[in-house]
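Biologist: Could you take me closely through one part of this model, the largest nonpolar core, and then show me what surrounds that part in the rest of the chain?

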Amino acid sequence: MTPDFTLPKGFLTLADLGEAWIEGHCVQPDRALRGKPLKLTDWQFYVLAHRYQIRPNARFVPPEEVTLENQPVFNQAFVYRSTLIIGPQKLGKGPLTSAFAAFEGSGPSVFAGFAKGHEKYICRDNGCECDFEYSYWPGEPMGMRHPSPLIQLGAFSESQVQNIYRPLKTMTQMGALKFTMTPREGFIRILSTDGSEGLDRIDTVTSSANSRLGNPISDAELDELGLWLRSNKMDRFFDNASRGAAGMGGRIHGWTNCWDITQNSVAQQIYEAKQKDVWVFYLNPDVLRDENGEPLDYSIKAHRRLIHEFVYFGSPWVDLDSIEAEAASLVARGNQAQAERYFGNRLVAGKGTFVPPTLWTDRTVDDEPTNLIALGFDGSANDDWTAIRAEDSSGLRFTPTFTIAGEEYPTIWDPDKHGGEIPRHEVRAAVDQIFKKYHVAAFFCDDREFETQIDQWARQYGEKRVVKFPTYNPTRMHYELERYITDLAQCETEHLYCPITEVHAMNAVTKSTGNDKYILAKPPGQYERKIDAFMADILSHAAAAYAHKNGLFETATKKKYYYLPD
Ligand SMILES: [Zn+2]
């Protein structure tokens, strides 16, 4: 079975013009065909056709008739206000996005009335020195250049946005695009129809470089919307870009791999809202069925092959053997969900790490903690690890150290390194040293395995400071997890690099407990993957919040502790 990309008869679109223009102006940015004209394949043309589908009753106001009362028609001429393109890795979304952005920048991408016959689009009449001409069929929608294109390429991170920006920059330097576009420092200048440099430009915006976000735009190409989450604040980023587009009759176009359906990304929200003025391109491999009428099983090699043949149909540059090799390797390493999303183009629940990896990395800083801290403790006897994490009064989280015989160790214990048993005397010594070295305002302890010990710490350091925290209680834990992820996203808390805590954080997934609540857990079926240091980390942040709320950081410097003999 192969996907069907035929269009109904009489489909009104700027795509025939657009395809010809792209082929005449955009070049292959890389690989074997570098420098050759960019030819659209069937699925790419199908996307272009819908993106530029024109309403049969679209109104056209010729530029010379535009007045304050008689405004030009931009996005209202199109059937779709927005598009979302969902496709697997290596499908070629990057170069296509670049080509579409180029077309929006200096191509005839704005509706200019219906042809009566014999009309032409001629580049030389439109500020481009190339020889491109296009003859319209009678009744075909015509296009003209946008009078003031302002385009944004948006992504969460700089490296992601470069996946679109770099091929576009290459295109402006190799093909006929050079007549209308000039790369500048960090953006691309679009030359007006008279060849002059005005304000028209193509910019990149990311979560960290977003000063132009919310500005009016005629077009936005937003990459990897499946990774735009509330936790990394990209949902607000998307809203701002949408507002910028609405401000000047612009449109928003999203591109993404399949997302993890536990994360409620911007892509997922768009997809599930099913608004009729948003066009979604998605080749769902579940239309393929086995002999029993069931969807194909991605863990079976032969089924994977059929799925890949379907979702990569019409992308001859994709080598299905190397796709299979990458997918099989992910499946073998226990990451079938990821393989299924990335290469199988399936919307499945992923590992769903509680902290998105990019957010964790972004909040890793190099700094010096103060000596005013709160502590979190997650203890176990002999199976899981035991860890103490700290957060100072400014929100900086770190792993404290303790000393035995002149050697310094982090306060994280792996029972396997101690004959299968957590060395409780070391844990006691470490806590003792931390309380001597720092002013400890609060100490939150998971009470499952160390209950007697925690009672003793409470007597020693004060019951107001040493608080038992049941990490298995969904109501309390859910609240703390929500606070943690929000504060992390909003830079209220950051952390020093700790390799163990990082691994544990990247192991931790959420587990629903019903009533819209969740707790933290190991990935299903992967008991050997530890999360204890991250648990202690969450507790240190909860303890710091408790200390701030109760003024304990202020009194911690004055408090005198009574040290009991061991
Ligand atoms: Zn041209």
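The largest nonpolar core and its surroundings

Modeller: In this predicted model, the largest nonpolar core holds 75 residues, and those that touch the most other members are Cys26, Ala99, Ala102, Trp228, Ala241 and Ala267. The element that gives the most to this core is helix H3, which covers residues 93-106 and supplies 6 residues. As a general background, nonpolar side chains in soluble globular proteins tend to be buried together.

Ala241 is a useful place to look more closely, and if its neighbours within four places in sequence are set aside, Ala241 is in contact with Gln152, Gly154, Leu213, Ala220, Leu222 and Ile252. A second core lies apart from the largest one, and this other core has 55 residues, including Val355, Phe377, Phe398 and Trp457.

From the contacts of Ala241 we can turn to an open sheet of 8 strands, which has mixed pairing and runs in the order E7-E8-E9-E6-E10-E11-E1-E12. Its edge strands, each pairing on one side only, are E7 at residues 181-184 and E12 at residues 278-282. On average, and with direction ignored, neighbouring strands of this sheet are turned by 15 degrees against each other.

Within the sheet, strand E6 (residues 150-155) pairs with strand E9 (residues 197-206) in the parallel sense, over 6 bridges, and Ile151 stands opposite Ile202 in E9. Helix H4, formed by residues 158-174, packs on the sheet, where H4 touches E6, E7, E8 (187-191), E9 and E10 (219-223), and the direction of H4 makes about 140 degrees with that of E6.

To place this part in the whole, the chain has 16 helices and 24 strands, and its C-alpha trace spans about 100 × 60 × 45 Å along the principal axes. Of the 566 residues in the chain, 43% are buried, and among contacts with a separation of 6 or more, 71% come from residues 24 or more positions apart.

The domain assignment divides the chain into domain 1 (15-282), domain 2 (292-342) and domain 3 (357-556). Taken over C-alpha atoms, the centres of domain 1 and domain 3 are 47 Å apart, and between these two domains 5 residues of domain 1 are in contact with 4 residues of domain 3. On the side of domain 1 that touches domain 3, the residues by class are 1 nonpolar, 3 polar and 1 charged.

Conventions: Residues numbered from 1 in each chain as written. Predicted model: local features only at pLDDT ≥ 70, side-chain atom pairs only at ≥ 80, totals over all residues. Core = buried A, V, L, I, M, F, W, Y, C linked by C-beta atoms within 7 Å. Buried ≥ 20, exposed ≤ 12 C-beta atoms within 10 Å, placed from the backbone. Helix = DSSP H or I, 4+ residues; strand = E, 2+ residues; numbered from the N terminus. Contact = placed C-beta atoms within 7 Å. Domains from an automatic or database assignment. Nonpolar A, V, L, I, M, F, W, Y, C, P; charged D, E, K, R; others polar. Pairing = 2+ DSSP bridges. Axes fitted to C-alpha atoms, helices over the stretch in contact; angles between N-to-C directions.
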